[in-house]
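Hi,

Here is the structure I promised to pass on. Have a look at it first, and then read my notes below.

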Amino acid sequence: MRAALRAPAHLIVGLLLFIAAAFAAMPAGAEDSGQPVTLFAAASTTEAVNEIAEAYAAQTGGSIRPVVAASSTLARQVAQGAPADLYLSANATWMDYLAGQRMIVADSRVALLSNRLVLVAPADSPLRLRLSPELDLAGLLGDGRLAIGDPNHVPAGIYAQQALTALGLWDQVSGKLAQAANVRAALALVDRGEAVAGIVYETDAAIAPRVKIVDVFPARVTPQITYPLAIVAGHDTPAVRAVFDFLQGPQASAIFRKYGFTPPATGS
């Protein structure tokens, strides 16, 4: 009876070959394609990464789940074990923070984008000025506030403090700040008229119709604003690599350009 239950050897070999061929035919990342790839991204990239997620789904059938907030907040969450697959920061400092804790795949780190810092005001504001060391910015603010990201940890706020310090204007306005949890919160204060002016990225100003750019900070007083991208340690799977590559590809690059981002300078 036992012999009657045994499958012929040639059938077993055929079945094994069929299974092997099926696995070989699976696209890269198919083993985990049912799970979305989680992208922790700086708040200033919100619209761009959401549109990129839609484009990726349409082109590949895969799924990107963007989580946007201040780069500092996201970096701390990654360091505490939050389930992020990719991290896109608005500055190098917070990527360095994760690299120092061995929380990113070192050879995956790339400079993805660049941005510019601008001074904005409500669209109906009469405020006109040129950013220079001679500017009486405090006088122009009057009893109002200057909205910036918290310079203790928000990249846009850190850049703002550095730029204002380089212009000799920081001491004028340090007591007139409305500090926000991220750059989009600073933008919202200006958009709602709760701040006389604000300092945000050029890309943020571009998506706010009730806000206007008063002036662009001179390149000589602002550090290079570069957005690094990296894979989070322990998450280097084919599915994550596919999204990582897509974010650097022509379709994602076109979407980033649509929202005002530019490629990073060579060597950044």
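The accessible surface of the chain comes to about 13,000 Å², and carbon and sulfur atoms account for 56% of that. Bear in mind that this is a predicted model. Of the chain's 268 residues, 47% count as buried. I get 12 helices and 10 strands. As for contacts, take the pairs of residues at least 6 apart in sequence: 81% of them join residues at least 24 apart.

On to the sheets, starting with the one that holds S1. This is an open sheet of five strands with mixed pairing, and the order is S2-S1-S3-S10-S4. Strand S2 (64–69) and strand S4 (110–114) each have a single partner strand, so they stand at the edges with one side left without a neighbour in the sheet. From one strand to the next, the twist averages 20°.

At one edge, S1 and S2 run parallel and are joined by six bridges. At the other, S4 runs antiparallel to strand S10 (residues 226–231), with four bridges between them. If you want a landmark for that second pairing, Val110 has Leu229 in S10 as its bridge partner. Helix H3 (residues 46–60) lies across strand S1 (37–42), S2 and strand S3 (86–88), and it runs at about 175° to S2.

How much of S1 is covered? Six of its six residues are buried. A good one to click on is Ala41, which lies in strand S1. With a relative accessibility of 0%, Ala41 counts as buried. Its bridge partner in S2 is Val68. Leaving out residues up to four places away in sequence, Ala41 touches Val49, Val67, Val68, Ala69, Leu74 and Leu88. For a long-range pair, try Ala41 and Tyr227: they are 186 residues apart in sequence, while their C-alpha atoms are 9.7 Å apart in space.

There is also a helix pair to look at. The axes of helix H4 (residues 71–79) and helix H5 (residues 92–100) come within 9 Å of each other and cross at roughly 10°. That angle makes H4 roughly parallel to H5. Which residues meet there? From H4 it is Ser71, Ser72, Ala75, Arg76, Val78 and Ala79, and from H5 it is Trp94, Tyr97 and Leu98. By type, the contact of H4 with H5 is made up of six nonpolar residues, two polar ones and one charged.

Following the chain on from H5, you reach Arg102, in the loop between H5 and S4. Its phi is near 55°, a positive value in a residue other than glycine. Is Arg102 buried or exposed? Its relative accessible area is 74%, so Arg102 is exposed.

Now for the other sheet. This open sheet has five strands in the order S7-S6-S8-S5-S9, again with mixed pairing. Its edge strands are strand S7 (177–180) and strand S9 (211–216), each of which pairs on one side only. Here the twist averages 35° from one strand to the next. Strand S6 (residues 146–149) and S7 run parallel, joined by four bridges, and Gly149 has Ala180 in S7 as its bridge partner.

Two helices lie across this sheet. Helix H7 (residues 155–167) lies across strand S5 (117–122), S6 and strand S8 (197–201), at about 115° to S8. Helix H9 (residues 183–191) lies across S5, S6, S7, S8 and S9, and runs at about 145° to S8.

One last stop is Pro133, in the loop between S5 and helix H6 (137–141). With 44% relative accessibility, Pro133 counts as partly exposed. Apart from neighbours within four places in sequence, Pro133 is in contact with Leu167 and Leu169. What separates the C-alpha atoms of Pro133 and Gly168 in space? The distance is 5.6 Å, for two residues that are 35 apart along the chain.

That's what I have for now. Shout if anything looks odd on your side.

Cheers

Technical notes. Residues numbered from 1 in each chain as written. Predicted model: local features only at pLDDT ≥ 70, side-chain atom pairs only at ≥ 80, totals over all residues. Heavy atoms only, no water. Pairing = 2+ DSSP bridges. Axes fitted to C-alpha atoms, helices over the stretch in contact; angles between N-to-C directions. Contact = heavy atoms within 4.5 Å. Buried < 20%, exposed > 50% of the residue type's maximum accessible area, 1.4 Å probe, protein only. Areas by Shrake-Rupley, 256 points an atom, 1.4 Å probe, with all protein chains shown as cover. Parallel < 35°, antiparallel > 145°, perpendicular 65-115°, else oblique. Nonpolar A, V, L, I, M, F, W, Y, C, P; charged D, E, K, R; others polar.
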